[in-house]
Amino acid sequence: MSQPAPTTPAFDDYVSPVHLDELTDEAITIIREVATECENPVLLFSGGKDSAVLLHLARLAFAPARLPFPVMHVDTGHNFAEVIDYRDRLVKDWNVRLVIASVQESIDSGRVVEDVGPRASRNRLQSVTLLDALAEHGFDAAFGGGRRDEDKARAKERILSFRDRQGRWDPRQQRPEPWALLNPRIRKGEHLRAFPLSNWTELDIWQYIARHDVPLPTIYFSHTRTVVERDGMLLAVGGPVALEAGEQPFDEVVRYRTVGDASCTGAIRSAASTLGHILAETAAARITERGATRADDTFSESAMEDRKREGYF
Amino acid sequence: MDSSMVGTDLRSASVAPSEPDTAVRTTLRIATAGSVDDGKSTLIGRLLHDTKTVFEDQLKAVEKASRRYGDGETNLALLTDGLRAEREQGITIDVAHRYFTTPLRSFIVADTPGHAQYTRNMVTGASTSDIAIVLVDARHGVVDQTRRHSLIATMLGVEAIVVAVNKMDLVGWDQAEYERISKEVHAFVDGLPHPVPVFSIPMSALLGDNVVATSTNTPWYDGPPLLTFLEQFDASVESLPGARVHVQRVIRPQGGDHADFRGYAGVVAAGTLTIGEPITVLPSGRTTKVSGLHRWGQPVADAGAGHAVVVELADDVDVARGDVLVAGDATHPPEVAEDIVIDVCWMIDQPLLVGTRHWFKHGTRTGHATVTAIEHRYDLVSLEHEPTDELVLNDIGRVHLRLSEPIVADLYRHHAEGGRLILIDAASNTTAGAAMIAAISAWSPEI
Ligand SMILES: Nc1nc2c(ncn2[C@@H]2O[C@H](COP(=O)(O)OP(=O)(O)O)[C@@H](O)[C@H]2O)c(=O)[nH]1
């Protein structure tokens with residue numbers, strides 16, 4: 001008997017399509033439930049792949065009606081230009097209402113004090129801007145694209161996560177969450193975070209993107225960029241990253257696995273220029289996306305937990 | 001195309017859900033259970049590690065932390081203890097979810113806490129799981145937590161229990177010991193109110209024996225290692241007839257091409273829904289037919305259990321959130337009820353007392369529930385019914401409720417989705433009880 005011919009990997013080779021169907025139904029159901037029970041929800045949109053998938057799902061959830069809530073970008077001011085172009089184009093094409101909460105304005109108004117120095121990041125400051133914006137607009141529920149597989153503190157998070165009047169998360173007092181019966185009851189001034197992608201992995205996200213042809217910023221795909229290597233991470237030169245003494249910028253073929261504050265989001269060396277390549281690369285990855293690309297999370301074991309307690313995404 | 005965008009517009013994409021294929025196994029949701037230190041976190045760490053799901057940076061972080069906390073070997077339990085307090089105290093406080101995939105299947109694992117104090121977090125993990133792995137330390141045998149967790153897991157709806165008789169390396173791989181423990185759990189589960197099949201496996205989570213690969217230390221055990229068992233476990237519940245949809249939301253586009261569209265969004269619980277199918281809207285009792293079905297924004301001819309759909313109806317009947325669309329062919333049709341008897345896991349510090357009023361949520365219906373009687377509490381170890389006038393934190397008991405709004409109720413044993421509800425504390429808004437409907441008339445309780 002002859003051997004079957006080798007096939008090029010299709011995205012179904014990585015995860016069973018039924019698994020993705022189940023995750024899709026689950027996410028849509030969560031989005032509908034929270035949007036219907038809460039008075040004034042908002043979807044947090046960073047321009048990254050997870051929020052693109054979340055927004056795509058949210059539109060499917062209410063089709064053929066329009067998305068019944070706005071999206072909000074917490075803008076650190078440390079952006080990749082491609083991501084801002086993408087954001088503006090997407091909200092126009094998809095006809096959704098965009099609210100921008102600006103970290104720069106929080107700094108200018110004295111709500112937060114910016115760290116100084118070449119390694120200052122605005123990541124942590126975002127929590128204040130986010131909480132202020134939620135209060136200002138009276139949003140009582142915020143959809144986030146957080147996934148439990150991203151980090152061990154996130155692995156502890158409920159699908160519907162309660163925040164007190166100060167916006168704090170208390171991981172020791174989380175509400176039980178039996179079955180799929182979500183409890184969205186809150187008092188005035190409190191709010192909820194809803195994580196419809198809780199049970200998705202990085203590979204599931206790419207699978208969904210490939211299946212539904214979800215538009216993404218170009219920086220997720222391989223390109224040549226001037227970077228500097230710092231603590232094993234490739235940081236883009238030309239934006240908020242200030243060169244330190246002795247650092248030599250160089251051109252490298254890279255792409256991004258996550259999109260965050262440009263001052264602390266690293267690129268990976270990669271020639272993956274198509275979704276097929278990225279799926280193959282993701283399936284074979286040996287390092288978590290945060291470990292590979294987020295300087296802020298490698299500082300300490302509890303970095304994410306500490307930020308989340310303060311109100312972070 | 002704009003150079004900052006890759007991909008195409010949503011409107012042009014037409015992606016149909018996958019056709020169910022028996023060769024493709026559905027995701028398996030697993031909860032680990034058992035007493036503190038029986039090895040739950042170690043087992044999950046082992047599964048993640050041996051299926052190559054642990055990334056290098058995670059492993060490095062765990063190695064570093066193991067040294068800091070003074071563990072000799074790399075402590076794989078640190079992979080799942082995600083909170084600072086957990087790592088410092090060396091215990092699991094809240095459930096952590098982890099994910100791994102093998103060429104055969106995707107898995108979602110809920111690592112639940114072993115301490116009795118945190119039973120409510122165990123409820124969260126077990127309630128969404130298909131299967132519970134109950135760990136037993138071979139040196140100590142069956143303990144109270146083994147029984148308590150087996151009871152809760154079966155009550156909340158797992159389809160099977162795997163008894164992992166762990167730390168076999170510490171009892172010299174003694175077959176007699178393994179069989180004694182295994183028989184004891186089998187006998188206990190058989191006597192539970194909701195018995196399920198039980199499978200047992202002798203194991204060393206620490207050394208990896210019978211976790212992913214068959215152990216050479218247990219030649220007397222001829223079953224599969226744990227992972228093989230999980231890959232092959234058939235979690236597809238026999239599909240009940242009688243599709244239902246608890247209406248989440250009315251979809252009514254304002255203007256545009258779809259100005260006349262009116263659809264009802266919800267999840268199909270059990271059965272299959274097809275276009276043309278006769279439907280009863282409950283509680284009103286109006287009858288009509290399915291005239292259109294959509295999943296993920298696209299028309300479909302039918303929809304099965306778990307599918308998130310929008311249903312169009314042939315007649316202009318009054319349907320609102322909280323109503324239930326019921327197909328006609330149910331073996332046990334649901335009943336509209338205001339008085340129900342429940343088995344409830346109580347999960348807050350304030351006791352449940354006769355006369356107290358809580359919010360309830362059943363399907364997509366919410367209202368007030370007043371406790372009219374408390375029949376008994378289960379002794380979680382002996383399973384005896386003890387008369388009581390209150391349920392306290394982590395108690396499970398049988399309680400009568402009067403609801404402010406009628407619900408479309410099923411007995412939990414007939415139809416899990418229609419037979420469960422949560423109770424919400426009116427003062428704090430926290431989720432206080434996980435309840436399963438045991439009887440529908442308050443005055444004819446069944447045992
Ligand atoms: N010798 C031996 N020790 C084990 C085994 N499984 C777990 N342990 C140890 O038992 C202790 C408790 O394990 P852990 O996974 O934290 O238990 P948990 O509280 O159930 O999560 C740790 O020191 C483990 O290294 C095993 O199969 N054999």
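These notebook entries record what I looked up in a predicted model with chains A and B and a ligand.

**Entry on the ligand**

I began with the surroundings of the ligand and found 16 residues around it. The closest are Asp37(B), Lys40(B), Ser41(B), Thr42(B) and Asp169(B). I then sorted this shell by class and noted 5 nonpolar, 6 polar and 5 charged residues. I also asked which element of chain B gives the most to the shell. The answer is helix 1, residues 40-50, with 3 residues.

Next I looked up individual atom pairs. In the side chain of Thr42(B), an N or O atom is 2.5 Å from an oxygen atom of the ligand. For Asp37(B), the atom concerned belongs to the backbone: an N or O atom there lies 2.8 Å from a ligand oxygen. The side chain of Asn166(B) has an N or O atom at 3.0 Å from an oxygen atom of the ligand. I count these three as polar contacts because each pair of N or O atoms falls within 3.5 Å. I then turned to the area of the ligand, which exposes 580 Å² when taken alone. The protein buries 82% of that area.

**Entry on the interface**

How many residues of each chain take part where chain B and chain A are in contact? I recorded 96 residues of chain B and 79 residues of chain A. The area buried between the two chains is about 7400 Å², and carbon and sulfur atoms give 53% of it.

I looked next for charged pairs and noted 7 salt bridges across the interface. One of the pairs I examined joins Glu37(A) to Arg321(B), with their closest N and O atoms 2.8 Å apart. For polar contacts across the interface, I noted 32 residue pairs, both residues being at pLDDT 80 or more. On the side of chain B that touches chain A, I recorded 42 nonpolar, 32 polar and 22 charged residues.

**Entry on the backbone**

Finally, I examined particular points of the backbone. In chain A, the peptide bond between Ala63(A) and Pro64(A) is cis, with omega about 5°. I located Pro64(A) in the loop that links helix 2 (49-62) and strand 2 (71-75) of chain A.

In chain B, I found a cis peptide bond from Leu282(B) to Pro283(B), where omega is near 5°. Pro283(B) belongs to the loop between strand 12 (278-282) and strand 13 (286-295) of chain B.

I also noted Asp231(A), which has a positive phi of about 50° although it is not a glycine. Where does Asp231(A) lie in chain A? I placed Asp231(A) in the loop between strand 8 (223-230) and strand 9 (233-236).

Conventions: Residues are numbered from 1 along each chain as its sequence is written. Chains are lettered from A and ligands numbered from 1 in the order in which they are written. This is a predicted model: local features need pLDDT of at least 70, side-chain atom pairs count only at pLDDT 80 or more; totals for chains, interfaces and linings use all residues. Side-chain values use heavy atoms; hydrogens and water are left out. A residue is near a molecule or strand if one of its heavy atoms lies within 4 Å of it. A polar contact is a pair of N or O atoms within 3.5 Å; within protein, one must be able to donate a hydrogen and the other to accept it, and residues adjacent in sequence count only if both atoms are side-chain atoms. Accessible areas come from the Shrake-Rupley method with a 1.4 Å probe; for residues, only the protein chains shown count as cover. Helices (H or I, at least four residues) and strands (E, at least two) are DSSP runs, numbered from the N terminus. Ala, Val, Leu, Ile, Met, Phe, Trp, Tyr, Cys and Pro count as nonpolar, Asp, Glu, Lys and Arg as charged, and the others, Gly among them, as polar. Contact means heavy atoms within 4.5 Å. Buried area is the accessible area (1.4 Å probe) that two parts lose on being put together, summed over both. A salt bridge is a side-chain nitrogen of Lys or Arg within 4 Å of a carboxyl oxygen of Asp or Glu.
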